[in-house]
Amino acid sequence: MDADTLAGSQQPTESSAAGGRVAVATAKPMLGLPALDVTRVQRSQDEQLGTYRQLLEILAESERESAAAFPEQSKSLVAHIGALHRLKDDLQDVFTRIQSLKAHFRKEHAEAFDY
């Protein structure tokens with residue numbers, strides 16, 4: 001093997017100021033593999049990294065908004081649950097009264113309940 005193959009078959013052409021990485025224009029084919037356009041791959045990875053950073057910012061903003069709205073929403077939910085419990089108790093009372101009235105009328109007017 002020659003020195004180029006041992007060194008990864010890459011010839012640095014320019015230095016990237018953003019991350020201190022060395023951009024390589026094209027790698028020499030190695031052992032019958034096609035040439036790899038490292039610059040294009042690096043550009044694609046940088047674009048993906050930018051997209052992930054934007055998503056992270058969006059998620060962080062969403063988290064801040066959720067944290068700000070949580071106390072108010074929590075109070076509202078607790079009040080709603082309390083109202084539902086009171087409604088359930090009221091309905092239970094109404095159905096109990098209806099059953100007792102139905103039993104009372106069944107005793108007085110048994111012929112009306114023969115169906």
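Accessible area here is what the Shrake-Rupley method gives with a 1.4 Å probe. Keep that in mind for the opening view: show the whole surface of this predicted model, and you are looking at about 10100 Å² of accessible surface, 60% of it belonging to carbon and sulfur atoms.

**Whole chain, coloured by confidence.** Switch to cartoon and colour by pLDDT. The mean for the protein is 80, and 69% of the residues reach 70 or more. Now select residues 1–18: the pLDDT there is below 50, yet this stretch has 23 contacts in the model beyond near neighbours in sequence. Take those contacts with the low pLDDT of residues 1–18 in mind.

**Secondary structure.** Recolour by element. You should find two helices and two strands, and walking along the sequence they come in the order α-β-β-α. Of the contacts with a separation of 6 or more, 11% are between residues 24 or more positions apart. Colour by burial next, and 5% of the 115 residues count as buried.

**Helix α2.** Select residues 38–108, which make up helix α2. The remaining stops take in side chains, so turn on sticks.

**Stop one: R64 and E61.** Pick these two residues of helix α2, which sit three residues apart, about one turn of the helix. Their side chains meet in a salt bridge, at 2.8 Å from N to O. Is E61 buried, partly exposed or exposed? Its relative accessibility is 35%, so E61 counts as partly exposed.

**Stop two: R97 and D93.** Move along to this pair, also in helix α2; R97 and D93 are about one helical turn from each other because they are four residues apart. Here too the side chains form a salt bridge, with N to O at 3.5 Å. Check the accessibility of each partner: R97 is at 54% and therefore counts as exposed, while D93, at 38%, counts as partly exposed. The cut-off that matters for this pair is 50%, since exposed means over that value. That's the end of the salt-bridge stops, as the count for the protein comes to two.

**Stop three: the nonpolar patch.** Select L84, L87, L91, V94, F95 and I98 and show them as surface. Together they form a nonpolar patch with about 540 Å² of accessible area. Centre on L91, which lies in helix α2. How accessible is L91? Its relative accessibility comes to 42%, which means that L91 counts as partly exposed.

Terms used: Residues numbered from 1 in each chain as written. Heavy atoms only, no water. Buried < 20%, exposed > 50% of the residue type's maximum accessible area, 1.4 Å probe, protein only. Contact = heavy atoms within 4.5 Å. Patch = residues over 30% accessible without salt bridge, like charges linked within 9 Å, V, L, I, M, F, W, Y side chains within 5 Å. Salt bridge = Lys/Arg side-chain N within 4 Å of Asp/Glu carboxyl O. pLDDT = per-residue confidence, 0-100.
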